[in-house]
Amino acid sequence: MTTKYAGSALSIGQVAKAAEVHVETVRFYERQGLVHQPEKPHLGIRRYPVEIVARIRFIKHAQTLGFTLNEVHGLLALRIDSHDTCKAVKHRAQNKLAMVHDKIIALQAMEKVLTDLVLACDQGDSQHHACPILQVMDESEEMSLVHLDTAAIRERGFARVR
């Protein structure tokens, strides 16, 4: 953060600008209990401590790494306290990494199925057969689309694929 605000209390607009978020983001984080909303004086506007900017940036960085706001709550608690902080954060990061790997595998499977279906459309006879993509989506089988493979697409009578 720039030293422009050092030692002073900030308005919500100044907090948002310094943290590079919208004012509504600050308000949302307040409602979620991620940042404390200061009391509003009888006459005047709420003033936020400068430290809130670093907290909001921490929240945004954690979200960028894929942590949910609920998970960010836990990370913020660990940031403040605990002699085993690094170990606990590492464990949470490892869990998040495993979830990312699982998502990558699922996305790769979806990519393969979609690629095969697009190729089936490109190579098919659209005058005599229904759209292969729509046919696969209409099927009532208990098979997930991501589990379809090239052989399964061929079995359904679609054009040759890879």
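**Helices H2 and H3 in an all-helix model**

Just past the end of H3, Gly66 adopts a positive phi of about 100°. A glycine also follows H2: there, Gly33 has a positive phi of about 80°. Both values come from a predicted model, and the rest of this passage looks at the two helices that these glycines follow.

As for the overall makeup, the protein has 7 helices and 0 strands, so its pattern along the sequence is simply α-α-α-α-α-α-α. Of its 162 residues, 28% are buried. The accessible surface adds up to about 11,300 Å², with carbon and sulfur atoms accounting for 56% of that. Taking contacts between residues at least 6 apart in sequence, 53% link residues at least 24 apart.

H2 covers residues 23-31, and its buried residues are Thr25, Val26, Tyr29 and Glu30. Looking down the axis of H2, these buried residues sit within an arc of 145°, so they line one face of the helix. Their packing partners are helix H1 (12-19), helix H3 (51-64) and helix H4 (69-80).

H3 has its own set of buried residues, namely Ile52, Val53, Ile56, Ile59 and Ala62. The cover over them includes H1, H2 and H4. H2 and H3 thus turn up in each other's lists: H3 is packed against by the buried residues of H2, and H2 helps cover those of H3. The length of H3 checks out as well: with 14 residues at 1.5 Å a residue, the helix should span 20 Å, and its end C-alpha atoms are indeed 20 Å apart.

Note on methods:
Residues numbered from 1 in each chain as written. Predicted model: local features only at pLDDT ≥ 70, side-chain atom pairs only at ≥ 80, totals over all residues. Heavy atoms only, no water. Helix = DSSP H or I, 4+ residues; strand = E, 2+ residues; numbered from the N terminus. Buried < 20%, exposed > 50% of the residue type's maximum accessible area, 1.4 Å probe, protein only. Contact = heavy atoms within 4.5 Å. Areas by Shrake-Rupley, 256 points an atom, 1.4 Å probe, with all protein chains shown as cover. Arc of directions from axis to C-beta. Expected span 1.5 Å × (residues − 1).
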